[in-house]
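Welcome, and please open your viewer with the side chains ready to display. We will go from stop to stop, selecting a few residues each time.

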Amino acid sequence: MSDIFYFCRRGVESIMDDEVTKRFSAEELESWNLLTRSNYNFQHISLRLTVLWGLGVLVRYGFLLPLRVTLAFTGVGLLVVLTSIVGLLPSGRTKNFLSEKVHLMCYRICVRALTAIITYHNSENKPKNGGICVANHTSPIDVIILASDGCYAMVGQIHGGLMGVIQRAMVKACPHIWFERSEVKDRHLVAKRLSDHVEDKTKLPILIFPEGTCINNTSVMMFKKGSFEIGTTVYPVAIKYDPRFAEAFWNSSKYGMVNYLLRMMSSWAVVCSVWYLPPMRREVANRPQSPKHVLWFADLRAEVCFEKHQDDLHLLC
């Protein structure tokens, strides 16, 4: 019986200490940031701390949140209206120029709605037309963090409701790639749409998050290979958020999109760094399962991970 209990105990310990499971929960902070969402007990430690916490609540919810919500509605409203207007113009350089300016302006307004403080590194490596930009994925706001410094063609599934209205307006002004639910699982169709896009060097670079899900910004999970089966230049980008000011990780199983965005807007700020890494290229001739492909694939993921965690490297398969 002692052997059975020993192995059961070791098994439970292994499950609790599983490295992959940890990446789907919020990162633990070394010190409290005066947000009860990161710790529910610290505000009761002392009277001074309670007063500071209370003042923080008044500032965040009484002043910052209404201002940020107003900016968010302004940014989204302008994006829908202006892209719809630009979409009425004939295709050409004028339409592309206006589309880029409209997208940049609206994304930057939305970034202001989060009070985002972003530091961009190595701008000489920014993605160029005809390429694919790949980045680690922590949150839905990754899109506006990157798009506020340069325009991208988005890839995603067609939605209904408000998101569907935004998607239909955006695609009128810029060749974004939206898929029906039934098309998402068709790898050949997806690859064909992506390939047709990157072959046109006048079109914006495609933005893809190859992890396929949100990770808590402490690691980089295995990239899905479908995004790399096209023979074009890949521009890796690493995004790292500072958890001391806001928890950017979106736990989609716990919070809905609206709830998550309200939590972000009621935080202190979104502070992050973005590293543009040197471009990489893999020729189509390298078969997906060849050793050469595997090495190239590992190098790409390691590049992204190293820039995010130069002191503490985490690569998860």
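Start by selecting Lys126, which is partly exposed at a relative accessible area of 25%. Please keep in mind throughout that this is a predicted model.

Now add Asp149 to the selection: Lys126 and Asp149 form a salt bridge, and their closest N and O atoms are 3.7 Å apart. Lys126 belongs to the loop between strand E1 (116-121) and E2, while Asp149 is in the loop between H5 and strand E3 (153-157), so the salt bridge ties together parts 23 residues apart in sequence. Is Asp149 buried or exposed? With 18% relative accessibility, Asp149 counts as buried, because the cut-off for buried is under 20%.

The count of salt bridges comes to 2, so let's visit the other pair. Select Arg244 and Asp242, whose side chains meet at 2.6 Å, N to O. Arg244 counts as exposed, at 51% relative accessibility, whereas Asp242 counts as buried, at 17%.

Next, zoom out for the overall picture. The protein has 317 residues, of which 44% count as buried, and its secondary structure comes to 9 helices and 8 strands. Take the contacts between residues at least 6 apart in sequence: 75% of them join residues at least 24 apart. About 17300 Å² is exposed, with carbon and sulfur atoms supplying 62% of that area.

Time to go inside. In soluble globular proteins, nonpolar side chains tend to be buried together. Here, the largest nonpolar core has 45 residues; select Ile141, Leu146, Tyr152, Met154, Val237, Tyr241 and Met264 to see those with the most contacts inside it. Elements that each supply at least two residues of this core include H3, helix H6 (161-173), strand E6 (233-241) and helix H8 (257-265). Which helix gives the most to this core? That is H4, with 6 residues.

Centre the view on Met154. Beyond its neighbours within four places in sequence, Met154 is in contact with Tyr107, Val143, Ala147, Met170, His176, Ile177, Trp178 and Leu207. Apart from the largest core lies another, of 11 residues, and you can pick out Val134, Ile177, Leu194 and Val234 among them.

For the last stop, return to the surface and select Leu47, Val51, Leu52, Leu55 and Leu58, which make a nonpolar patch of about 520 Å². Val51 sits in helix H3 (residues 47-86) and is partly exposed, with a relative accessible area of 45%.

Methods
Residues are numbered from 1 along each chain as its sequence is written. This is a predicted model: local features need pLDDT of at least 70, side-chain atom pairs count only at pLDDT 80 or more; totals for chains, interfaces and linings use all residues. Side-chain values use heavy atoms; hydrogens and water are left out. Patches are made of residues with over 30% relative accessible area and no salt bridge: like charges are joined within 9 Å, nonpolar side chains (Val, Leu, Ile, Met, Phe, Trp, Tyr) within 5 Å. Accessible areas come from the Shrake-Rupley method with a 1.4 Å probe; for residues, only the protein chains shown count as cover. A salt bridge is a side-chain nitrogen of Lys or Arg within 4 Å of a carboxyl oxygen of Asp or Glu. Helices (H or I, at least four residues) and strands (E, at least two) are DSSP runs, numbered from the N terminus. Buried means under 20% relative accessible area, exposed over 50%, partly exposed in between (1.4 Å probe, protein chains only). Contact means heavy atoms within 4.5 Å. A nonpolar core is a set of buried Ala, Val, Leu, Ile, Met, Phe, Trp, Tyr and Cys residues joined through side-chain atoms within 4.5 Å.
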